[in-house]
Amino acid sequence: MNTKRLSSHVVIALLSVGLLAAAPAAKAELISTQQLAQQAAGAPDSTLAQDRQTLNVFLARADVQKKLEQMGLSREVTQQRLAALSDREVAELAGKIKTMPAAGALGFQEMVIILLVAILVVLAV
């Protein structure tokens, strides 16, 4: 009888520990009324300014300018179109720029071509 009671206490204790370990940690912090008002109004001004700065820095890069000129867009036209973007469009575009890989991404076709070239080089040697 005592072992049965002891085992039920152990099972209850293990289940309690398991539930505590699986429970997500609560995270809360205080925010000011101004922050709350900015969140309610949309993107904060500082975020919008940072997003526009991200776009300006990206468009100032030489490789981007060269590509835009190849597409027939001058710097002035690009700046006019950038100024005409809505806040949401600026945020989306800046988010895409921030998530772009730094050195570009290799697709499946590029990987196959590199692998084939490597095999041909190894066979030729």
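**Exercise 1.** In this predicted model, classify D63 by its relative accessibility of 44%, and then characterise its salt-bridge partner.

*Solution.* Step 1: the partly exposed class lies between the buried limit, under 20%, and the exposed limit, over 50%. Step 2: with a relative accessibility of 44%, D63 therefore counts as partly exposed. Step 3: the side chain of D63 forms a salt bridge with that of R61, at 2.7 Å from N to O. Step 4: R61 has a relative accessible area of 39% and is likewise partly exposed.

**Exercise 2.** Determine which helices are joined by the salt bridge between D51 and K98, and state the accessibility of each partner.

*Solution.* Step 1: the closest N and O atoms of D51 and K98 are 3.3 Å apart. Step 2: D51 belongs to helix α3 (residues 45-60) and K98 to helix α6 (residues 87-99), with their positions 47 residues apart in sequence. Step 3: D51 is buried at 5% relative accessible area, whereas K98 is exposed at 51%.

**Exercise 3.** Identify the parts of the chain tied together by the salt bridge between D87 and R52.

*Solution.* Step 1: the closest N and O atoms of this pair lie 3.9 Å apart. Step 2: D87 is in helix α6 and R52 in helix α3, so the bridge ties together parts 35 residues apart in sequence. Step 3: D87 is partly exposed at 44%, and R52 is partly exposed at 25%.

**Exercise 4.** Compare the radius of gyration of the chain with that of a compact globule of 125 residues.

*Solution.* Step 1: such a globule would have a value near 14 Å. Step 2: the chain has 28 Å. Step 3: the C-alpha trace spans about 85 × 65 × 15 Å along its principal axes, and buried residues account for 11% of the 125 residues.

How values were computed:
Residues are numbered from 1 along each chain as its sequence is written. This is a predicted model: local features need pLDDT of at least 70, side-chain atom pairs count only at pLDDT 80 or more; totals for chains, interfaces and linings use all residues. Side-chain values use heavy atoms; hydrogens and water are left out. The radius of gyration is taken over C-alpha atoms; the globule rule is 2.2 Å times the number of residues to the power 0.38. Buried means under 20% relative accessible area, exposed over 50%, partly exposed in between (1.4 Å probe, protein chains only). A salt bridge is a side-chain nitrogen of Lys or Arg within 4 Å of a carboxyl oxygen of Asp or Glu. Helices (H or I, at least four residues) and strands (E, at least two) are DSSP runs, numbered from the N terminus.
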